[in-house]
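Me: I would like to learn how to read an interface and its salt bridges. Can we work through an example?

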Amino acid sequence: MAEALARLRGVTARYDGVTALDLVDLDLPDGRITAFCGPNGSGKSTALRVMRRLHAPSNGTVEIAGRPLHDWSPKELAKSVAMLSQSPDAPPELTVQDLVRLGRFAHKRGFRGQQSEDRAACDRALEVTEMAHLAERPIGRLSGGQLQRAWIAMTIAQETPHILLDEPTNHLDVSHAFEVLELVKRLNRTEGRSIVLVLHDLNMAMRYADHVVLFDQGRVAVAGPTRSVLTEDHITEVFGIECRLIEIEGQDVPAVVPLPSEQAILAR
Amino acid sequence: MKKSVTILVLVLGLAIIASLHLGLNVYAPAAVLSALGGADGTDAIIITSLRIPRTLVAICAGAALGLSGFLVQASTRNPLAEPGLLGINAGAAFSVVLGITLSGSLGLAAIGGLALAGGLVTTALVFGIVTAAGRTAGPGTTLLAGVTLAAMLASLTQVLLLVDETALETMLFWLSGGFADRSFEVLALGLPSLVIGLVGALAIAGSLDVLRLDDDSAGALGVRVTGIRMGALALGALLAAGAVAMAGPVVFLGLVAPHLARRLAPRATSAGQIVVTVLTGASIAVLADIVARLIVLPGEAPIGAVLALVGVPILVSLLRRKAEAVL
């Protein structure tokens, strides 16, 4: 059994006194695609930010790849865990290529300029995300799907064994969303990178995740293999909404169909 | 980027040559050359003891202010931020007025020393306040502390000026800023901060590139976000203190020079921007100083007035073109 990608014990995190994570224990498997699901404000993004050391927990311990989080230097951690945040922001005049190059920051030493391995990593990231032909374009002139792929390219150029993606399909139409998730799957299956991503769409999680963590009000409601977590009962319990899993002929995974009843909506 | 550096070096070189020739007395190249060669005579003395120091002070103060503006803007990701927001000028002014009130009239070198001390103490105070603020410490808090402290120091300065009228006259001269009548001692006061500021800025240039992104993205790429942002502000404050020691509170240069640099080398990395900003700052300062000498002959215009006259149209046109580029 491979070591855990991340291990959280008794982690509590707050924003200005508001509790976002409440005594969370969590083990994330290495080498898999893990989806964080749950209602808005249930703690998914906070868990990701805590794991990437972008937010300091007020309590508890976090280990990444078997090593306490506080043990890592910023650059070491950046060479092990990449993260694409929820609303990344960069000046619109920055070109795709320049953005992707920033992914190499942790690999640079001293005053040396761009090395051949940096260039190779950037080229590969642009190629994998099919952005090579747009390398010279300022990011302010990209479409939503292209922009998202540019940011993912930057994350890939970091060349880390672990990648965290906070709502990577946000603002994307359904076909672009599938494109991004197919890319995620390739990164996992052919390059063996572990991926943790926040997903709102349960059908996407059902289709692409090996492992799902269902968050509810700052706690982990259920965690485990996808099919054992995304059940009608669990979804109803966490989202407070009736739902059916419907098998569709020719598809490997069932469709998650929410059935909102007036009563349930009023109860919330 | 290489092209803009070449052009700027050329512009700066020509400005320096012009600065040695032009003024109340206009000299022929032969006179300047013989003065540089160590000749004697009134003209040579004017050139070596007045024109050369004021040109060097303009270069160094301009470079320091431009770089300071670049660092403050990079740290706060705010294109309107400028060194004055850190309260350095207000602190320097207060220190100078206090010194004059206590000891009577002072020479420009002594005033420069007081200004440097005041600027450095203000820097320490601003960062002290921010450190005391604890968890919320960041560039935003720093500028808030700077602006607040500046307001307080400015009113204290006003009170002192009301009490002591001799101070008022010297102060009004010094407060408009300028490069005239500066000695080499004044230059020596500001030079260390320029060197430290420049080396420090180049050392963090790679991190500043990444800081063009939002904090979370920059942090995930391995940058110590708060440390670098605060470090950039501290270097900016040090540079501003050096500049105010040399030239008094020169306004506007710290705002315009980085904007012009971005305009000239839009795709340059931060290291490139630093080089270009140093050149634009120095060039604008030397050129403005020449204009200040010539427009109200036989007198001299305050450098602040010249910079505002020249700088405002430049800034407006830059902002206008930038707005068009985004649309």
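Reply: Start with the area lost on contact. In this predicted model, chain A and chain B bury about 1900 Å² between them, with carbon and sulfur atoms giving 57% of that area. On the side of chain A, A:P74, A:L102 and A:F105 supply 29% of what the chain buries against chain B, more than any other three residues.

Me: How many residues of each chain are in contact?

Reply: The contact involves 28 residues of chain A and 19 residues of chain B.

Me: How many salt bridges cross the interface of chain A and chain B?

Reply: The rule finds four. One of them pairs B:D216 with A:R49, at 2.7 Å from N to O. As for the side of chain A that touches chain B, its residues comprise 16 nonpolar, five polar and seven charged.

Me: Which parts of chain A does the salt bridge of A:D27 and A:R9 tie together?

Reply: To read a bridge within a chain, place both partners in their elements. A:D27 is in strand β2 and A:R9 in strand β1, so the bridge ties together parts 18 residues apart in sequence. The N to O distance is 2.9 Å.

Me: Are A:D27 and B:R293 buried or exposed?

Reply: Buried means under 20% relative accessible area. A:D27, at 35%, is partly exposed, while B:R293, at 3%, is buried. The salt-bridge partner of B:R293 is B:D289, which is also buried, at 2%. These two residues lie four apart in helix α13 of chain B, so about one helical turn separates them.

Technical notes:
Residues numbered from 1 in each chain as written. Chains lettered and ligands numbered in written order. Predicted model: local features only at pLDDT ≥ 70, side-chain atom pairs only at ≥ 80, totals over all residues. Heavy atoms only, no water. Contact = heavy atoms within 4.5 Å. Buried area = accessible area lost by both parts, 1.4 Å probe. Salt bridge = Lys/Arg side-chain N within 4 Å of Asp/Glu carboxyl O. Nonpolar A, V, L, I, M, F, W, Y, C, P; charged D, E, K, R; others polar. Buried < 20%, exposed > 50% of the residue type's maximum accessible area, 1.4 Å probe, protein only.
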